[in-house]
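Please open the model in a viewer and keep the sequence panel visible. The tour proceeds by selection, with a short account of what is found at each stop.

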Amino acid sequence: FAETLHRFESFVVGHITRESVQMALQNGISAKQILDFLESHAHPQMLKSKPVIAPTVTDQLYLWEMERSRLSTEEGVLYSQFLSDADFKVVHEYAQNIGCVNWSNIQKRLLVVNKKGHGDVKKVLE
């Protein structure tokens, strides 16, 4: 989770970046584990200060960890090129009623439904 810059007899200087933390998170290391490691391996001089790890560093590590769960993906099917607003409205309402709408744009007549509801929505169009 850190790029080593200098190695001295009693301490190591490292550079923690968003990319290095993201790689650690992808390998199953949590922000809390990184902070625990930094605290348990802190230089004796650092242990005299409270908190041992600066709050800005702690906050940033947790923010980078939260970035990973900010977005989620789900397979879906895009419906577009509806011939009329009425056609779009019927399909859109049906998809909403069965709870399979992932995303829609009414003005552009675009509808994304999840794979589970695709078969049912497709039947409405036939």
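**Stop 1: a loop residue with positive phi**

Begin by selecting Q81, which is found in the loop between β3 (76-79) and α5 (85-97). The model is a predicted one. Although Q81 is not a glycine, its phi is positive, at about 60°. Is Q81 buried or exposed? With a relative accessible area of 74%, Q81 is exposed.

**Stop 2: a second positive phi**

Move next to R109, located in the loop between β4 (101-105) and β5 (110-114). R109 is likewise not a glycine and has a positive phi, here of about 55°. The relative accessibility of R109 is 23%, so this residue counts as partly exposed.

**Stop 3: a cis peptide bond**

Select K50 and P51 together and display the backbone. The peptide bond from K50 to P51 is cis, with omega near -5°. P51 belongs to the loop between α3 (44-47) and α4.

**Stop 4: helix α4**

Now select residues 55-67, which form helix α4. The helix has 13 residues, and the distance from its first C-alpha to its last is 18 Å, close to the 18 Å expected at 1.5 Å a residue. Which residues of α4 are buried? They are T58, L61 and W64. Because these residues cover an arc of only 130° around the axis, they lie on the same side of α4. Show the surroundings as well: what covers the buried residues of α4 includes α1 (18-26) and α2.

Two further residues of this helix merit a selection of their own. D59 is found in α4 and is partly exposed, with a relative accessible area of 46%. A distance drawn between the C-alpha atoms of D59 and Q26 should read 19 Å; the two residues are 33 residues apart along the chain.

E65 also has its place in helix α4. Its relative accessible area is 25%, which makes E65 partly exposed. Which residues does E65 contact, leaving aside its neighbours within four places in sequence? The contacts of E65 are with L25, S30 and A31. By contrast, L110 is 33 Å from E65, C-alpha to C-alpha, and 45 residues away in sequence.

**Stop 5: the largest pocket**

Display the surface and turn to the largest pocket, whose volume is about 620 Å³. Of the 20 residues that line this pocket, those closest to its centre are V12, G14, L38, H41 and A42. Both β2 (12-15) and α2 (31-40) supply at least two residues each to the lining. Which element gives the most to the lining? It is β2, with four residues. Colouring the lining by residue class shows 14 nonpolar residues, six polar residues and no charged ones.

**Stop 6: the loop before β2**

Finish by selecting F8, in the loop between β1 (3-7) and β2. F8 is partly exposed, with a relative accessible area of 44%. For a last distance, join the C-alpha atoms of F8 and F82: the separation is 67 Å, for residues 74 places apart along the chain.

Conventions. Residues are numbered from 1 along each chain as its sequence is written. This is a predicted model: local features need pLDDT of at least 70, side-chain atom pairs count only at pLDDT 80 or more; totals for chains, interfaces and linings use all residues. Side-chain values use heavy atoms; hydrogens and water are left out. On a 1 Å grid over the protein atoms alone, a cavity is a set of points where a 1.4 Å probe fits but cannot get out, and a pocket is an open set with protein on both sides within 12 Å along at least five of seven lines; lining residues have an atom within 4 Å of a point. Grid points are joined across faces, edges and corners, and a volume is the space filled by probe spheres set on the points. Ala, Val, Leu, Ile, Met, Phe, Trp, Tyr, Cys and Pro count as nonpolar, Asp, Glu, Lys and Arg as charged, and the others, Gly among them, as polar. The expected span of a helix is 1.5 Å times one less than its number of residues. Buried means under 20% relative accessible area, exposed over 50%, partly exposed in between (1.4 Å probe, protein chains only). The arc is that of the directions from the helix axis to the C-beta atoms. Contact means heavy atoms within 4.5 Å.
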